[in-house]
Amino acid sequence: MCLPRGIAARRSARLLKQFGWPENVFHAPLRQLGACELPAATAQAIFKKEAFKRAEKELAAIRAIPGCQLVNELE
């Protein structure tokens with residue numbers, strides 16, 4: 001998952017657990033992002049979708065790998 005600065009493994013796992021999929025993180029309301037104990041600047045960056053384009057490219061690249069299946073292990 002491609003997120004702005006301030007997101008490490010534990011925070012990204014917490015966000016995925018809260019929202020289910022990376023796309024859902026980027027569509028989350030600012031108040032819900034803030035409730036995930038993110039630094040204010042990081043929550044703002046996600047809310048403004050500053051990293052969304054990079055995340056879309058990352059997901060497209062994963063989906064394009066022959067025989068690769070994207071699995072959400074949090075479900």
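## Exercises on a five-helix model

In helix 1, the buried residues are Ser12, Leu15 and Phe19. This is a predicted model, and the exercises below start from that helix.

**Exercise 1. Work out how the buried residues of helix 1 are arranged around its axis, and what covers them.**

Solution.
- Step 1. Take Ser12, Leu15 and Phe19, the buried residues of helix 1.
- Step 2. Look down the helix axis. These buried residues fall within an arc of 60°, so they line one face of helix 1.
- Step 3. Turn to the other side of helix 1. Ala9, Arg10 and Lys17 are exposed there.
- Step 4. Find the cover. Helix 2, helix 3 and helix 4 are among what covers the buried residues of helix 1.
- Step 5. Check the end of the helix. Just after helix 1, Gly20 has a positive phi of about 90°.

**Exercise 2. Repeat the analysis for helix 4, residues 40–47.**

Solution.
- Step 1. List the buried residues of helix 4: Thr42, Ala43, Ala45 and Ile46.
- Step 2. Look down the axis again. The buried residues of helix 4 span an arc of 160°, so they too line one face of their helix.
- Step 3. Look at the face turned away from the buried side. It carries the exposed residues Ala40 and Ala41.
- Step 4. Identify the cover. It includes helix 1 (9–19), helix 2 (22–26) and helix 3 (30–34).
- Step 5. Move just past helix 4. Lys49 takes a positive phi of about 60°.

**Exercise 3. Which residues of the largest nonpolar core touch the most other members, and which helices each supply at least two of its residues?**

Solution.
- Step 1. The core has 14 residues. Those touching the most other members are Leu15, Phe19, Val25, Phe26, Leu33, Leu38 and Ile46.
- Step 2. Assign the helices. Helix 1, helix 2, helix 4 and helix 5 (52–63) each give this core at least two residues.
- Step 3. Follow one member outward. Leaving aside residues up to four places away in sequence, Leu38 touches Ile7, Arg11, Leu15, Leu33, Ala43 and Ile46.
- Step 4. Recall the general trend. In soluble globular proteins, nonpolar side chains tend to be buried together.

**Exercise 4. Explain what is notable about the backbone at Glu37, and place the residue.**

Solution.
- Step 1. Start from the rule. Most residues other than glycine have a negative phi.
- Step 2. Compare Glu37. Its phi is positive, about 60°, although it is not a glycine.
- Step 3. Locate Glu37. It sits in the loop between helix 3 and helix 4.
- Step 4. Assess exposure. Glu37 has a relative accessible area of 60%; the cut-off for exposed is over 50%, so Glu37 is exposed.

**Exercise 5. How many disulfides does the structure have, and are Cys36 and Cys68 buried or partly exposed?**

Solution.
- Step 1. Search the whole structure. It has zero disulfides.
- Step 2. Apply the cut-off: buried means under 20% relative accessible area. Cys36 has 7%, so it counts as buried.
- Step 3. Do likewise for Cys68. At 36%, Cys68 counts as partly exposed.

**Exercise 6. Summarise the whole chain and the confidence in it.**

Solution.
- Step 1. Count elements. There are five helices and zero strands.
- Step 2. Weigh burial. Of the 75 residues, 32% count as buried.
- Step 3. Check the surface. The accessible surface is about 5,300 Å², with 53% belonging to carbon and sulfur atoms.
- Step 4. Judge confidence. The average pLDDT is 81, and 85% of the residues score at least 70. Helix 3 has the highest mean, 91, and helix 5 the lowest, 81.

Technical notes: Residues are numbered from 1 along each chain as its sequence is written. This is a predicted model: local features need pLDDT of at least 70, side-chain atom pairs count only at pLDDT 80 or more; totals for chains, interfaces and linings use all residues. Side-chain values use heavy atoms; hydrogens and water are left out. Buried means under 20% relative accessible area, exposed over 50%, partly exposed in between (1.4 Å probe, protein chains only). Helices (H or I, at least four residues) and strands (E, at least two) are DSSP runs, numbered from the N terminus. The arc is that of the directions from the helix axis to the C-beta atoms. Contact means heavy atoms within 4.5 Å. A nonpolar core is a set of buried Ala, Val, Leu, Ile, Met, Phe, Trp, Tyr and Cys residues joined through side-chain atoms within 4.5 Å. Accessible areas come from the Shrake-Rupley method with a 1.4 Å probe; for residues, only the protein chains shown count as cover. pLDDT is the predictor's confidence in each residue, from 0 to 100. A disulfide is a pair of cysteine sulfur atoms within 2.5 Å.
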